[in-house]
Amino acid sequence: MLRVVKVRLYPNKKQKQLIHKTFGSCRYVYNMLLDAKIKAYECGDNLSAYELKKRLVPMKNAEDGKFLKEVDSTALQNSVLKIDIAYKNFFRRVKQGGAVGFPKFKSKHNSHQSYQSSTATIKNSKLKLPRIGEIKTKFHRGEIIGKVKTVTVSCEANQYFASINYEDGKKEVIGTNNGKSLGIDVGVKVFAYTSENKPINPTKEHDLTEDIKKMIKAQKSLSRKKKGSANRAKAKMRLAKKHLKIKNKRNDFLHKISNKLSENQTVKVENLQVKNMSKKAKGSIENPNMRASAKSGLNRSILQQSWGKFFELLEYKLKRNGGELIKVNPKHTSQKCSRCGHISKGNRLKQAQFICTKCSFSANADYNASVNILNSNAVGTTVKAS
Ligand SMILES: [Zn+2]
């Protein structure tokens with residue numbers, strides 16, 4: 001089955017230059033063709049992925065596009081495909097009525113740069129990238145990588161990484177599950193709550209409070225530095241490092257809990273695309289310029305922003321163990337009594353506690369919701385009248 005692993009790269013000076021040259025070339029191609037796509041769209045025309053790809057050839061042959069011939073050609077092609085994906089995602093979100101951001105142009109000032117190669121290989125325990133060569137790579141111990149499909153090279157906070165997608169040659173199911181079904185309610189107060197009446201929260205090891213303090217400090221320090229100065233560049237790098245640390249710690253947390261939960265056969269969660277996230281805490285990691293009162297909510301907020309990623313990891317790991325993630329309709333999960341089925345706003349007079357106005361059933365509100373989720377049908381399925 002297809003697997004993915006992220007490894008750290010240690011390119012030398014020359015290789016770093018070539019990697020950044022590829023980032024720049026991909027960005028150039030992306031922005032030029034996104035512009036063409038938007039202009040065509042405004043004239044009522046649709047440029048398909050195929051048509052966009054065809055335009056690469058004249059771009060490479062143009063006097064001002066010669067540099068494109070010097071980088072990994074599959075990286076440029078994948079960059080073009082990303083335009084199509086961005087557009088498809090855009091229209092999907094429009095259809096769902098969610099908050100819609102039009103596909104954006106890429107900036108070289110973005111702290112996270114990346115490109116995707118389709119012809120990278122592994123040689124001598126090193127990642128070999130077309131046009132760049134073998135790069136010193138830190139593989140995790142005991143890791144056996146099969147046939148490499150795609151590699152996404154990225155740079156963040158001056159550190160280089162590769163996400164390697166590969167086929168491990170093994171059958172779909174590599175583990176076994178315990179045959180159990182579980183409902184999970186993701187919440188504002190706790191990260192998640194299970195129908196086994198257990199909260200899932202980050203332990204001290206994954207607590208972000210101190211890291212967030214440092215990040216805010218780095219943000220403030222940056223805002224005091226003069227634009228264009230060397231000190232500002234240094235401060236920017238320090239901030240990027242803090243961001244990266246938070247991201248890594250959060251991902252580690254998500255991996256650990258999804259590993260544990262994937263021991264089950266079926267896990268049911270709410271379909272978050274449908275769920276109204278009005279209770280979502282304010283503030284985000286991308287925007288740390290917030291009032292002090294919002295800071296306390298940031299730890300939670302960062303984790304809440306990762307629910308999508310959590311479900312993604314969980315789904316992948318459940319499948320690996322022959323299990324399944326089922327997304328259910330979130331309607332009434334918090335107001336419905338999990339014992340008698342009575343639905344009323346009156347059941348939730350207290351935020352943390354559920355008390356049924358009909359049968360007097362009383363329970364932790366998140367626990368009640370997780371049981372309802374466990375008993376719900378998958379989104380899109382209709383219940384047959386019996
Ligand atoms: Zn009841």
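## Exercises on sheets, cores and helix packing

A192 stands opposite I200 in β10, and the exercises below start from this pairing. The model is predicted, with local features needing pLDDT of at least 70 and side-chain atom pairs counting only at pLDDT 80 or more, whereas totals for chains, interfaces and linings use all residues. Residues are numbered from 1 along each chain as its sequence is written.

**Exercise 1.** Determine which strand pairs with β10, in which sense, and where β10 stands in its sheet.

*Solution.* Start with the terms: helices (H or I, at least four residues) and strands (E, at least two) are DSSP runs numbered from the N terminus, and two strands pair if DSSP finds at least two bridges between them. Strand β9 (residues 192-194) pairs with β10 in the antiparallel sense, over 2 bridges. Next, place this pair in the open sheet of 5 strands, whose order is β10-β9-β8-β11-β12 and whose pairing is mixed. The edge strands, each pairing on one side only, are β10 (199-200) and β12 (324-328).

**Exercise 2.** Identify the helices that lie against this sheet and state how α10 is covered.

*Solution.* Angles run from 0 to 180 degrees between N-to-C directions, with axes fitted as lines to C-alpha atoms, for helices over the stretch in contact; two residues are in contact if their C-beta atoms, placed from the backbone, lie within 7 Å. Helix α9 (residues 307-320) lies across β8 (181-186), β11 (266-270) and β12, and it runs at about 140° to β12. Helix α10 (residues 365-374) also packs on the sheet, where it touches β8, β9, β11 and β12, and its direction makes about 130° with that of β8. For the covering, a residue is buried if 20 or more other C-beta atoms lie within 10 Å of its own, exposed if 12 or fewer, and partly exposed in between. By this count 10 of the 10 residues of α10 are buried, among them D366, Y367 and N372. These buried residues pack against β13 (353-355) and β14 (362-364) as well as β8, β9, β11 and β12.

**Exercise 3.** Describe the nonpolar core to which L314 belongs, and name a separate one.

*Solution.* A nonpolar core is a set of buried Ala, Val, Leu, Ile, Met, Phe, Trp, Tyr and Cys residues joined through C-beta atoms within 7 Å. The largest has 28 residues, and those with the most contacts inside it are I184, V267, L314 and L325. At least two residues each come from β8, β9, α6 (230-261), β11, α9, β12 and α10. Leaving aside residues up to four places away in sequence, L314 touches S258, L261, S262, V267 and L325. The second core, separate from this one, has 27 residues, including L18, F23, I83 and L127.

**Exercise 4.** Characterise the packing of α1 on α4.

*Solution.* Helix α1 (residues 13-42) and helix α4 (residues 73-96) pack at about 35°, with their axes 9 Å apart. The crossing is right-handed, a term for the near helix being turned clockwise from the far one by less than a right angle, left-handed being anticlockwise. The contact includes V29, Y30 and L33 of α1 together with L76, V80 and I83 of α4. Its residues divide into 9 nonpolar, 3 polar and 2 charged, where Ala, Val, Leu, Ile, Met, Phe, Trp, Tyr, Cys and Pro count as nonpolar, Asp, Glu, Lys and Arg as charged, and the others, Gly among them, as polar.

**Exercise 5.** Find the pairing partners of β1 among β7 and β5.

*Solution.* Strand β1 (residues 2-10) pairs antiparallel with β7 (residues 159-167) over 8 bridges, and in β7 the bridge partner of V4 is N165. To β5 (residues 133-138), β1 is joined by 3 bridges, again antiparallel, with K136 in β5 as the bridge partner of Y10.
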